[in-house]
Amino acid sequence: MASKYQRVKRFVGVYCYDSQGKKTPKGKQDRCFFIRYQDAYGKQVWEKVGWSSENYTAQFASQVRNERIRSSRHGS
């Protein structure tokens, strides 16, 4: 069975999926961005970043992921 999440090839650890019902103001399917990383204890964490209709991008999701990894390795 295939996952509904698709990896964004340009950014490591960034995933997205296209919504079935939610539309952007331009009428396209909305896209939700998620990040995946390991916390300080080695547990995998999935975190929702936001929707493209709310002006979130894959690049911003990658920046959020980098901040989370940096804080888990070096403390807050």
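S3 and S4 sit side by side in the antiparallel sense, held over seven bridges; two strands count as paired once DSSP finds at least two bridges between them. Strands here are DSSP runs of E with at least two residues, helices are runs of H or I with at least four, and both are numbered from the N terminus. In this pairing, Phe33 has Gly50 of S4 as its bridge partner. The two strands make a hairpin with five residues between them, and Gly42 in the turn takes a positive phi of about 85°. This is a predicted model, in which local features need pLDDT of at least 70 and side-chain atom pairs count only at pLDDT 80 or more, while totals for chains, interfaces and linings use all residues. Residues are numbered from 1 along each chain as its sequence is written, and side-chain values use heavy atoms, with hydrogens and water left out.

Moving back along the chain, S2 and S3 are also antiparallel, joined by six bridges. Lys23 stands opposite Gln29 of S3. Their hairpin, too, has five residues between the strands, with Gly27 at a positive phi near 95°. S1 and S2 run antiparallel as well, with two bridges joining them, and Gln6 finds its bridge partner in Cys16 of S2. Put together, this gives an open sheet of four strands in the order S1-S2-S3-S4, with antiparallel pairing. Strand S1 (6-7) and S4 are the edge strands, each with a single partner, so one side of each has no neighbour in the sheet. As a rule, strands of a sheet pair through backbone hydrogen bonds, either parallel or antiparallel.

The chain as a whole holds one helix and four strands, laid out from the N terminus as β-β-β-β-α. Helix H1 (residues 58-74) lies across S2, strand S3 (29-38) and S4, running at about 20° to S3; such angles run from 0 to 180 degrees between N-to-C directions, with axes being lines fitted to C-alpha atoms, for helices over the stretch in contact. The C-alpha atoms fill a box of roughly 45 × 30 × 20 Å along the principal axes. Of the 76 residues, 32% count as buried, where buried means under 20% relative accessible area, exposed over 50% and partly exposed in between (1.4 Å probe, protein chains only). Contacts are heavy atoms within 4.5 Å; among those between residues at least 6 apart in sequence, 30% join residues at least 24 apart.

On to the aromatics. Rings of Phe, Tyr and Trp (its six-membered ring) pair if their centres lie within 6.5 Å, with planes under 30 degrees apart called stacked, over 60 edge-to-face and the rest tilted. By this rule the count comes to seven aromatic pairs. One of them is Tyr17 with Trp51, an edge-to-face pair at 6.0 Å centre to centre and 70° between the planes. Tyr17 belongs to strand S2 (residues 14-23) and Trp51 to strand S4 (residues 44-51), so this pair ties together parts that are 34 residues apart in sequence. Both rings belong to buried residues: Tyr17 has a relative accessible area of 17%, and Trp51 has 11%. Tyr56 and Phe60 make a tilted pair, at 5.6 Å centre to centre and 45° between the planes. Here Tyr56 is partly exposed at 29%, and Phe60 is partly exposed at 37%. Ring pairs also link Tyr5, Tyr15, Tyr17, Phe34, Trp46 and Trp51 into a cluster. Tyr17 has a charge for company too: Lys4 lies over the face of this ring, at 4.6 Å from the ring centre. That label calls for NZ of Lys or CZ of Arg within 6 Å of the ring centre and within 35 degrees of the ring normal.

Salt bridges come last. With a salt bridge taken as a side-chain nitrogen of Lys or Arg within 4 Å of a carboxyl oxygen of Asp or Glu, the count comes to two. In the pair of Asp18 and Arg31, the closest N and O atoms are 2.9 Å apart. Asp18 lies in strand S2 and Arg31 in strand S3, so the salt bridge ties together parts that are 13 residues apart in sequence. Asp18 is partly exposed at 29% relative accessibility, and Arg31 is partly exposed at 32%. Glu47 pairs with Arg68, with 2.8 Å between the closest N and O atoms. Since Glu47 lies in strand S4 and Arg68 in helix H1, this salt bridge ties together parts 21 residues apart in sequence. Arg68 counts as partly exposed, at 29% relative accessibility.
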